[in-house]
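Notebook open, coffee poured. I want to look up the empty space inside the protein first and the ligand site after that.

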Amino acid sequence: MNWTTQDLTPFNTFGLTAQAEQYAALKSIDQLLDWAPSQAPDLVLGGGSNLLLMSQISGKTLHVLLGGVQVMRETGHRTEVRVGAGINWHQFVLYALENGWYGLENLALIPGTVGAAPVQNIGAYGLEVCERIVRVHAYEYGKGQLELSANDCQFAYRDSLFKREPGRFLITAVDFELGDDFPIRTHYGAIQDRLTQNGIKHPTPPDVARAVIEIRNQKLPDWSLMGNSGSFFKNPMVSADFARSLSDQYVDMPQYPVDGGQIKLAAGWLIDQCGFKGKRQGAVGCYKNQALVIVNHGGATSEEVLAFSQDVQQAVEAKFGVELEREVRLIR
Ligand code: EPU
């Protein structure tokens, strides 16, 4: 591998200025096997869409640019497709739709790469990516290449084995099972309303994708115009008892029961209620249409973003007694 210093500003969707001490681009598996690292680089960079990069990134930054989309198997309604970790997620979703490989349409327009998708088990509009993953191909540092079944990956809400054991694997490719026989999911959020608005009674997967793209474009800022990393915090999980005491006090509070009896609260709503929606502090703020998204209005430093996010956490804790956990990864 050839390690050089590199400006990471173009490689993070928050648009934060950051300098990598040692940077290398990974373009092939052979390159990886020749190098055969025994331990993880300090930062593995994919689409840079879920990161809060501090201004100096010490140690090694590996940029995963592994490509390739390959049909592995076609049986009846289903197609198994292997996709390189460095491929842009949304480009792959569009490519899959063009080929009639349906099942990912609810996840259209999520930023980032295919290799990053399993790490935090990306999800939106009632679908999590783990529902379409058959296996993940990875390199285990110090050991070599291996395959993990979906079960091995221990997927949960915005969580997986890869997230829990961050220095253990480098994801190189993901196998998806897609097809034209998955029931369409339109029950979540604004999808059904948008389809009705679009005059669609019997939606196809491309119709659902279009609805998702329209909704996301309306609610979430385009990072190429206004830097951001999507949801800055996770939606907090609380006990049913605590959720009930909150809903007694705040009758409009959105609450979603999840498996295991816990209740998921909407972080965006909590932040909004604290008056942060559209609020700006210098170059940092909460987006005007979705308080859960912290935005860089231009020239913000990572230190300013962090300080602003801590103000948000303190306000929510003080008003609701709920602790917000960052969804974005803080990289120093
Ligand atoms: N809400 C407000 N004010 C706000 C924001 C939200 O009142 O400023 C309310 C909404 O009206 C709604 C509830 O809070 O009742 C939830 O909001 P929304 O449906 O927009 O979804 P979310 O919980 O904020 C999650 C994901 C998003 C994903 C959407 C759609 C997390 C942390 N975020 O957001 O993912 O796009 O659902 O499925 O789970 C991301 O991870 O980067 C991301 C954007």
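How many cavities of 30 Å³ or more does the count come to? I get one. Worth jotting down that I'm working from a predicted model.

**Cavity**

I looked up the volume of the largest cavity and got about 50 Å³. Next I pulled its lining: G103, E105, N106, L127, R132, F182, P183, I184 and R185. Sorted by class, I have four nonpolar, two polar and three charged residues in that lining.

**Ligand shell**

Then I moved on to the ligand. I find 23 residues around the ligand, and the closest are Y125, Y157, K219, D272 and Q290. The class split for this shell is 11 nonpolar, five polar and seven charged residues.

I also checked which helices and strands feed the shell. Helices α5 (205–219) and α7 (267–273) each give at least two residues, and so do strands β13 (227–231) and β19 (290–296).

**Polar contacts and burial**

I went through the ligand's oxygen atoms for polar partners. On the side-chain side, R158 has an N or O atom 2.9 Å from a ligand oxygen. E327 also turns up, with a polar side-chain atom 3.1 Å from an oxygen of the ligand. A291 comes in through its backbone instead: one of its backbone N or O atoms sits 2.8 Å from a ligand oxygen.

Last entry is burial. The ligand exposes 830 Å² when taken alone, and I note that the protein buries 82% of that.

Terms used:
Residues are numbered from 1 along each chain as its sequence is written. This is a predicted model: local features need pLDDT of at least 70, side-chain atom pairs count only at pLDDT 80 or more; totals for chains, interfaces and linings use all residues. Side-chain values use heavy atoms; hydrogens and water are left out. A residue is near a molecule or strand if one of its heavy atoms lies within 4 Å of it. A polar contact is a pair of N or O atoms within 3.5 Å; within protein, one must be able to donate a hydrogen and the other to accept it, and residues adjacent in sequence count only if both atoms are side-chain atoms. Accessible areas come from the Shrake-Rupley method with a 1.4 Å probe; for residues, only the protein chains shown count as cover. Helices (H or I, at least four residues) and strands (E, at least two) are DSSP runs, numbered from the N terminus. Ala, Val, Leu, Ile, Met, Phe, Trp, Tyr, Cys and Pro count as nonpolar, Asp, Glu, Lys and Arg as charged, and the others, Gly among them, as polar. On a 1 Å grid over the protein atoms alone, a cavity is a set of points where a 1.4 Å probe fits but cannot get out, and a pocket is an open set with protein on both sides within 12 Å along at least five of seven lines; lining residues have an atom within 4 Å of a point. Grid points are joined across faces, edges and corners, and a volume is the space filled by probe spheres set on the points.
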